[in-house]
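Here is a set of questions and answers on a two-chain model. Keep the sequence and the structure open as you read.

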Amino acid sequence: MTLSQFWRRFRRNKFAVAALVVVILLLLAAIFAPYLAPHDPNVQSLPDRRALPGGKFLLGADEFGRDMLSRTIWGARVALRVGLIATGIGMVGGVAIGMIAGFVGGWLDELLMRIMDILLAFPYLLLAIAIVSALGPGEVNTQLAIAIWTLPSFARLIRGSVISLKQREFVEAARALGADTRRILWRHVLPNSISPIIIYGTLYIARAITMEAALSFLGMGTQPPTASWGIMVSAGRNYLRTAPHIATIPGLAIAITVLAFNLLGDGLRDALDPRLKDA
Amino acid sequence: MGRYLIKRLLWLVPVLLGITFVIHTVMSLVPGDPALILLGDTATREQRQALRTELGLDRPFMQRYVTYVERVVTGDLGKSYRSRRPVTTEIADSILPTIKLGAISLLFTMLMGIPAGVLSAVKRNSWFDHTATLLSLLGLSMPVFWTGLLLIYYLAYKLPIFPVGGMDNGLMSYILPGFTLALNSVAMVSRMTRSSMLDVLQEDFVRTARAKGVPDRTVIFRHALKAAFVPILTVLGLQVGLMLGGAVLTETVFSWPGIGRAMVGAIMSRDLLMVQGSVLVLATCFVVVNLATDLCYGFFDPRIRYE
């Protein structure tokens with residue numbers, strides 16, 4: 001599929017196009033946060049504590065009188081950074097494991113996949129919680145925990161794809177022409193598995209962002225005073241009755257971001273590989 | 001069936017060993033002196049040394065793992081550093097509220113997700129289908145803890161219908177946390193029901209049933225839904241995992257006295273044995289539920305033969 005063919009198919013899904021625009025805007029907000037944010041996200045102004053939206057602060061102020069709008073913009077940085085890095089690590093690791101397992105087969109395949117099964121046997125969040133509680137909270141450990149959580153899904157996906165590609169004629173032809181395993185994996189198998197990787201990657205960014213927010217909400221992820229959406233919602237919990245904007249605004253930011261990546265992932269799937277409908 | 005069951009039960013052994021190994025490995029990554037963390041800095045040097053010997057911290061990794069498994073098998077998960085009570089007692093005290101909450105939200109998931117998915121499939125491309133699809137994507141995208149807070153704000157503060165938290169108000173206290181915990185799952189179950197029903201509705205036996213005059217309702221719910229149920233059941237089984245993990249968030253938001261909230265408290269006070277024990281118990285529950293789900297397949301689809 002050429003790029004213009006892809007674009008023509010992608011364009012048909014209006015939600016996906018809108019989601020792409022939102023994702024681009026979010027990326028821009030994250031990159032240019034220092035220039036976009038009207039205030040310093042960490043400067044406290046005690047007289048403005050819990051100020052409601054409107055007036056001096058467009059989206060109000062939090063429990064320390066910090067500007068909610070600026071903190072929400074800076075929060076995009078944390079969310080996207082964790083989402084992209086964690087998914088990136090999980091994807092690279094998972095793709096490597098999946099390719100080796102699928103291509104080599106035999107006992108190695110069996111061993112690697114059983115390890116992946118065991119990682120998948122942990123209920124949602126709990127493995128990440130265990131990892132973060134052992135290593136200690138913080139952004140880097142959060143990224144690592146989320147990456148380990150995404151790893152088995154990518155490994156399984158790629159393994160399946162490698163096994164089906166392995167028997168295709170063009171791989172056999174490459175082998176007959178004397179290509180070694182490494183060349184076959186890099187030049188033939190990987191390029192043909194790229195669609196599912198991109199689709200899963202996008203959907204997993206959404207999940208990683210949710211997970212970072214959840215861990216930070218529980219106090220185990222990114223640490224204050226860094227503006228993380230999860231921490232902001234957690235702080236706002238104590239003022240829900242009198243200043244509901246503190247919890248609702250960052251929560252809305254999480255929901256919009258995750259929805260955008262989900263819709264984008266769905267759109268990419270429909271355009272690239274409609275067979276993956278249940279991903 | 002008997003042989004299959006035994007095979008599957010035996011398979012639990014390596015899986016559970018794997019789970020304990022992962023937990024053991026993760027916990028051995030704890031930086032610093034675990035004895036110091038477990039006992040706190042008020043403990044004397046002798047106490048710490050005693051604990052180190054008791055936990056076998058002075059021995060090599062694999063030896064420690066074997067000891068750990070031996071203790072787990074005999075039901076000894078260690079003592080909670082916070083309460084000084086055995087971890088098993090702590091878990092036994094808090095797991096029931098979590099199970100009740102999980103059961104309620106599984107009920108919500110089925111009562112909302114399955115009918116919504118069926119209706120979406122039957123009325124494909126109608127406004128209902130489009131709305132349901134969009135709502136389920138929204139449900140998948142809203143963070144659980146935020147949904148919970150929104151529900152508290154609107155339905156406990158603004159309109160004081162439900163209690164803000166806790167489980168002292170009978171059935172009423174279950175509604176908001178149950179719904180919150182169910183929301184993500186409702187979205188997934190309805191999506192799966194829709195796509196599975198769409199596949200089945202095209203099949204010959206559905207057309208035959210319609211042709212011979214079976215009422216629509218019977219065709220959809222008795223014939224088609226039953227045939228479409230295996231993938232739905234798989235997703236439902238997986239939701240239990242999502243709920244066991246999601247309970248950590250929901251219970252925190254709603255001050256629910258379950259194992260999830262106990263775990264968060266344990267993590268905050270670095271009560272590592274409690275964390276380790278809770279993760280182990282919840283992961284075991286999840287594995288067992290998945291096995292039970294697999295065993296139910298044959299009931300819905302007699303073509304599935306267990307070997």
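Q: In chain A, what share of the contacts with a separation of 6 or more comes from residues 24 or more positions apart?
A: This is a predicted model. Contact here means heavy atoms within 4.5 Å. Among chain A contacts with a separation of 6 or more, the share from residues 24 or more positions apart is 71%.

Q: How many helices and how many strands does chain A have?
A: Read along the sequence, chain A runs α-α-α-α-α-α-α-α-α-α-α-α. The pattern holds helices, and the strand count is zero. The helix count for chain A is 12.

Q: What percentage of the residues in chain A is buried?
A: The C-alpha trace of chain A spans about 75 × 45 × 30 Å along its principal axes. The chain has 279 residues. A residue counts as buried under 20% relative accessible area. The buried share of chain A is 56%.

Q: How many residues does each chain give to the contact between chain B and chain A?
A: Both chains contribute to this contact. Chain A gives 43 residues, and chain B gives 51.

Q: Which three residues of chain B supply more of its buried area against chain A than any other three?
A: The area buried between the two chains is about 3,800 Å². Carbon and sulfur atoms give 80% of that area. On the chain B side, the top three residues supply 15% of what chain B buries. They are B:Phe145, B:Trp146 and B:Leu149.

Q: Which residues form the salt bridge between chain B and chain A?
A: The count of salt bridges between the two chains is one. Its closest N and O atoms are 3.7 Å apart. The cut-off is 4 Å, so the pair qualifies. The partners are B:Arg191 and A:Asp266.

Q: By class, how many nonpolar residues are on the side of chain B that touches chain A?
A: Five residue pairs are in polar contact between the chains. Elements that give two or more residues to this side of chain B include helix H7 (144-158) and helix H8 (172-201). By class, eight residues on this side are polar and two are charged. The nonpolar count is 41.

Q: Is B:Ser120 buried or exposed?
A: B:Ser120 is found in helix H5 (residues 87-122) of chain B. Leaving out residues up to four places away in sequence, B:Ser120 touches B:Phe128, B:Asp129, B:Ala132 and B:Arg194. Its relative accessible area is 2%, so B:Ser120 is buried.

Q: How far apart are the end C-alpha atoms of helix H4 (residues 61-73) of chain B?
A: The helix has 13 residues. At 1.5 Å a residue, they should span 18 Å. The model agrees, with the end C-alpha atoms apart by 18 Å.

Q: Which residue with a positive phi follows H4(B)?
A: Within H4(B), the buried residues include B:Arg64, B:Tyr65 and B:Val72. After the helix comes a residue with phi near 80°. That residue is B:Gly75.

Q: How many residues apart are A:Glu139 and A:Arg81?
A: Their side chains meet in a salt bridge, at 2.7 Å from N to O. The pair links distant parts of the chain, with A:Glu139 in helix H7 (residues 139-166) and A:Arg81 in helix H4 (residues 68-104) of chain A. A:Glu139 is buried at 17% relative accessibility, while A:Arg81 is partly exposed at 35%. Their separation in sequence is 58 residues.

Q: By about how many helical turns are A:Arg114 and A:Asp117 separated?
A: Their side chains meet in a salt bridge, with N to O at 3.0 Å. A:Arg114 is partly exposed at 29% relative accessibility, and A:Asp117 is partly exposed at 22%. Both lie in helix H5 (residues 106-120) of chain A, three residues apart, so the separation is about one helical turn.

Q: Which residue forms a salt bridge with B:Glu90?
A: Side chains of opposite charge can pair when their charged atoms come close. For B:Glu90, the closest N and O atoms of the pair are 3.0 Å apart. B:Glu90 is buried at 16% relative accessible area, and its partner is partly exposed at 34%. The partner is B:Arg85.

Methods
Residues numbered from 1 in each chain as written. Chains lettered and ligands numbered in written order. Predicted model: local features only at pLDDT ≥ 70, side-chain atom pairs only at ≥ 80, totals over all residues. Heavy atoms only, no water. Buried area = accessible area lost by both parts, 1.4 Å probe. Polar contact = N/O pair within 3.5 Å; in protein donor to acceptor, adjacent residues only side chain to side chain. Helix = DSSP H or I, 4+ residues; strand = E, 2+ residues; numbered from the N terminus. Nonpolar A, V, L, I, M, F, W, Y, C, P; charged D, E, K, R; others polar. Buried < 20%, exposed > 50% of the residue type's maximum accessible area, 1.4 Å probe, protein only. Expected span 1.5 Å × (residues − 1).
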